[in-house]
Amino acid sequence: MLLHDTALIFGRYARQTLRSKFQLLFGVLMPLLYLLFFGPLLTGLPLGSRGSSWQILVPGLLLQLGLFGAAFAGFTIIIEKNQGIVERMRVTPVSRLALLLGRVLRDAAVFVFQAVLLVLAAVAMGLRAPLAGILIGFAFVALLTLSLASLSYALAMKVRTPQEFGPAINALTMPSMLLSGLMLPMTLAPGWLDVLSHFMPLRYLVDAVRDAYVGSYATAHMLYGALVALGFTVLAVTVGTRVFRKAGA
């Protein structure tokens, strides 16, 4: 029943997404602009990391796509609450875990699709990376989306208006972006800032994907990144499921 219910919810939201072509294309716009206008500035600069500037920038942009897209996914729950959709779902026998999983799996599928578009554009601009590394990058985007979307939906169930939700998300996403080294490796930062960045889970995912993009798979960065991504996903889905069950949504 869980698989059936999850597939049912996933299908419902996937059809909504497919009817909105702008959501699919414009979601990748900000990372694409970074790629086009910021990427060429890094060419030839000593970035203190292995690989070309594209192998450093593109992994960060992939995770930036998941970070900002998934973190704001909860806006849809707020809209559904205001329209009475959540109230109608409360009286159905569908699994509360499925209500969450169906949503976050749809989000993961959308952002992986957008990540593919971003990588194709990066290849056209000069990115060269092993296929295995690119696929690993997509896997990390999916895990990041599952975890952050789960927490985003959980937070959205607790607030009443978008005016409460938006500032809270901005307060969490901006430090995560700045301290995780999405744009530039944190090895370029002062020592105290590099130490502080290790308290950001996203830092470990960024380092892991950058290793994958240069063909290094059996590294400490890859191990730590995989453990953090999997652990964070399990924790986030657990928290999100508990909130959904208590809310009856």
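In this predicted model, Phe-26 lies in helix 2. Phe-26 is also part of a nonpolar patch on the surface, with an area of about 1,100 Å². Its neighbours in the patch include Phe-22, Leu-25, Leu-29 and Leu-33, together with Leu-36, Phe-37, Phe-113, Val-116, Leu-117 and Leu-120. Three elements each give two or more residues to this patch: helix 2 (21-26), helix 3 (29-37) and helix 8 (96-125).

A patch of another kind, with positive charge, is formed on the surface by Lys-158, Arg-242, Arg-245 and Lys-246. Helix 13, which covers residues 220-247, provides the largest share of the positive patch, namely three residues. Arg-242 has its place in helix 13. The relative accessible area of Arg-242 is 56%, and because exposed means over 50%, this residue counts as exposed.

It is helpful to set these helices beside the database record. The unreviewed UniProt entry places the feature "transmembrane region" at residues 22-42, 54-79, 100-125, 131-156, 168-193 and 222-244. In the model, the span 100-125 is 100% helix and 0% strand, and the C-alpha atoms at its ends lie 37 Å apart. The span 222-244 is likewise 100% helix and 0% strand, with 33 Å between its end C-alpha atoms.

Attention now turns to charged pairs. The count of salt bridges comes to six. One of them joins Asp-107 to Arg-106, with the closest N and O atoms 2.9 Å apart. Are these two partners buried or exposed? Asp-107 has a relative accessibility of 5%, and Arg-106 has a relative accessible area of 7%. Both residues count as buried, because the cut-off for that label is under 20%.

The salt bridge between Glu-164 and Arg-160 has its closest N and O atoms 3.6 Å apart. Here Arg-160 is exposed, with a relative accessible area of 65%, whereas Glu-164 is partly exposed at 35%. The label for Glu-164 follows from the value lying between the 20% and 50% limits. A further salt bridge links Asp-194 with Arg-203, where the closest N and O atoms are 2.9 Å apart. Arg-203 is buried, as its relative accessible area is 6%. In addition, salt bridges with shared partners join Arg-12, Glu-80 and Arg-103 into one network.

Two more residues show how exposure and spacing can be read from the model. Met-89 has its place in helix 7, residues 85-90. With 10% relative accessibility, Met-89 counts as buried. Met-89 and Leu-99 are separated by 10 residues in sequence, and their C-alpha atoms are 8.9 Å apart in space.

Leu-3, in turn, lies in helix 1, which covers residues 2-18. Is Leu-3 buried or exposed? A relative accessible area of 73% makes Leu-3 exposed. From Leu-3 to Thr-233 there are 230 residues in sequence, and the C-alpha to C-alpha distance between these two residues is 19 Å.

Technical notes
Residues numbered from 1 in each chain as written. Predicted model: local features only at pLDDT ≥ 70, side-chain atom pairs only at ≥ 80, totals over all residues. Heavy atoms only, no water. Patch = residues over 30% accessible without salt bridge, like charges linked within 9 Å, V, L, I, M, F, W, Y side chains within 5 Å. Areas by Shrake-Rupley, 256 points an atom, 1.4 Å probe, with all protein chains shown as cover. Salt bridge = Lys/Arg side-chain N within 4 Å of Asp/Glu carboxyl O. Helix = DSSP H or I, 4+ residues; strand = E, 2+ residues; numbered from the N terminus. Lys, Arg positive; Asp, Glu negative; His and termini not counted. Charge placed at Lys NZ, Arg CZ, Asp CG, Glu CD. Buried < 20%, exposed > 50% of the residue type's maximum accessible area, 1.4 Å probe, protein only. UniProt positions renumbered as here; feature names shortened; annotations may be inferred.
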